[in-house]
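Student: I have a chain open and would like to go through its side-chain pairings and its packing with you. Can we start right after the picture?

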Amino acid sequence: MHLDVQDLRDFYYRTQLGRVAQRAIRDQLVRMWPAASGLTVAGFGFAVPLLRPWLADARRVIGLMPGQQGVMPWPAGMPNVSVLCEEHAWPISTGFVDRLVLMHGLETSDQPPAVLEEAHRVLGPGGRAVFVVPNRSGLWARRDGTPFGYGRPYSGTQLEAQLRLHGFTPERSVTVLHAPPSQAPFWLRTADLWERMGRRLPWLSGGVLMVEATKQVYAPTRGGLKAVVTRPLKVLEGVRGTPAPEPALNPRQSRERAAPPEGNFPR
């Protein structure tokens, strides 16, 4: 089930732990996508805290919020870019999005396959998507004091299998939020240190899993190759004295050549 948009807003914008989590995930996303000038960037679920770095340079920024969660105007003090939508019907044209972020939209959904199908539909050729979900082996999924303690947590293998099933190619995955989900001043002050350590120590599991994937695009198929080449290239004729091969005979010519000439039948 989806969390209420007011609870999500209060956590990310009104608690110190939420601001720490927002900064850690957003910084990692910026490292994945250092530039998005002239691109269309969209987020589904409650991904708007991650989209602010692209408000100035992107061609368009869209915040999609599911109806079960509710919607809030965003960003504050600027023209609104957030919109209420259904999980299985996003108000975006097919192939319109260049960069897509999903946070608090997949693990809490009642219809995860429908969410992934819509994500695949709106993403354009060459587009990239990042899926932000609770890490099954992390501490944040085991505590319901944060939004990552709700819904279905994923392991990297589980999430990548689901992405492949719906037409995505996973490119890379990382974990963030390596400090425990605690409001204690010590953990809040040292959160940046834990994030730097987590990037250098692959075995140190973070509370949130981020998987970047691209959309699989298949080459269009033709009706089939012609059985006969009408004008073959004769590039090998005369090589080392080899005579040029004769073209194959059609069935009528084959029968005429096989038949004996008239008037020579034995009596």
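Student: Is Glu118 buried or exposed?
Tutor: In this predicted model, Glu118 counts as buried, because its relative accessibility is 9%, which falls under the 20% cut-off.

Student: And which residue does the Glu118 side chain meet in a salt bridge?
Tutor: The partner is Arg121, with an N to O distance of 3.0 Å. Both residues belong to helix H4, which covers residues 112-122, and because they are three residues apart they are separated by about one helical turn. Arg121, at 22% relative accessibility, counts as partly exposed.

Student: How many salt bridges does the count come to?
Tutor: The count comes to eight. One of them joins Arg172 and Glu212, whose side chains meet at 2.5 Å, N to O. This pair links distant parts of the chain, since Arg172 lies in strand S6 (residues 168-176) and Glu212 in strand S7, 40 residues apart. Arg172 is partly exposed, with a relative accessible area of 38%, whereas Glu212 counts as buried at 2%.

Student: What about Asp98, where is its salt-bridge partner?
Tutor: Asp98 sits in strand S4, and its partner Arg59 is in the loop between H3 and S2, 39 residues apart from it, so this pair too links distant parts of the chain. The closest N and O atoms of Asp98 and Arg59 are 3.9 Å apart, and Asp98 counts as partly exposed at 21% relative accessibility.

Student: Which residues are linked in a network of salt bridges?
Tutor: That network links Arg9, Asp10 and Arg14.

Student: Switching to packing: how many residues has the largest nonpolar core?
Tutor: It has 38 residues, and those with the most contacts inside it are Ile25, Val132, Phe148, Leu177 and Met210. Several helices and strands each supply at least two residues of this core, among them helix H1 (5-14), strand S2 (60-66) and strand S5 (123-134). H2 gives the most, with seven residues.

Student: What does Val132 touch?
Tutor: Leaving aside residues up to four places away in sequence, Val132 touches Ile25, Val101, Leu102, Met103, His104, Glu107, Phe148, Val208, Leu209 and Met210. There is also a second, separate core of 26 residues, which includes Cys85, Val97, Leu116 and Leu209.

Student: Back to H2, how do the axes of H2 and H7 cross?
Tutor: The axes of H2 and helix H7 (residues 191-200) come within 11 Å and cross at roughly 35°, and the crossing is right-handed. On the H2 side the contact involves Val20, Arg23, Ala24, Gln28 and Arg31, which meet Ala191, Asp192, Glu195 and Arg199 in H7. The residues of this contact divide into three nonpolar, one polar and five charged.

Student: Last topic, backbone oddities: what is phi of His104 and of Leu177?
Tutor: Phi of His104 is near 55°, a positive value in a residue other than glycine, and phi of Leu177 is likewise positive, near 60°. His104 is in the loop between S4 and H4, and Leu177 is in the loop between S6 and helix H6 (185-189). His104 is buried, with a relative accessible area of 3%, and Leu177 is buried, also with a value of 3%.

Student: And which peptide bond is cis?
Tutor: The bond from Trp74 to Pro75 is cis, with omega near 0°, and Pro75 is found in the loop between S2 and strand S3 (82-85).

Technical notes. Residues numbered from 1 in each chain as written. Predicted model: local features only at pLDDT ≥ 70, side-chain atom pairs only at ≥ 80, totals over all residues. Heavy atoms only, no water. Core = buried A, V, L, I, M, F, W, Y, C linked by side-chain atoms within 4.5 Å. Buried < 20%, exposed > 50% of the residue type's maximum accessible area, 1.4 Å probe, protein only. Helix = DSSP H or I, 4+ residues; strand = E, 2+ residues; numbered from the N terminus. Contact = heavy atoms within 4.5 Å. Salt bridge = Lys/Arg side-chain N within 4 Å of Asp/Glu carboxyl O. Axes fitted to C-alpha atoms, helices over the stretch in contact; angles between N-to-C directions. Left-handed = near helix turned anticlockwise from the far one by under 90°. Nonpolar A, V, L, I, M, F, W, Y, C, P; charged D, E, K, R; others polar.
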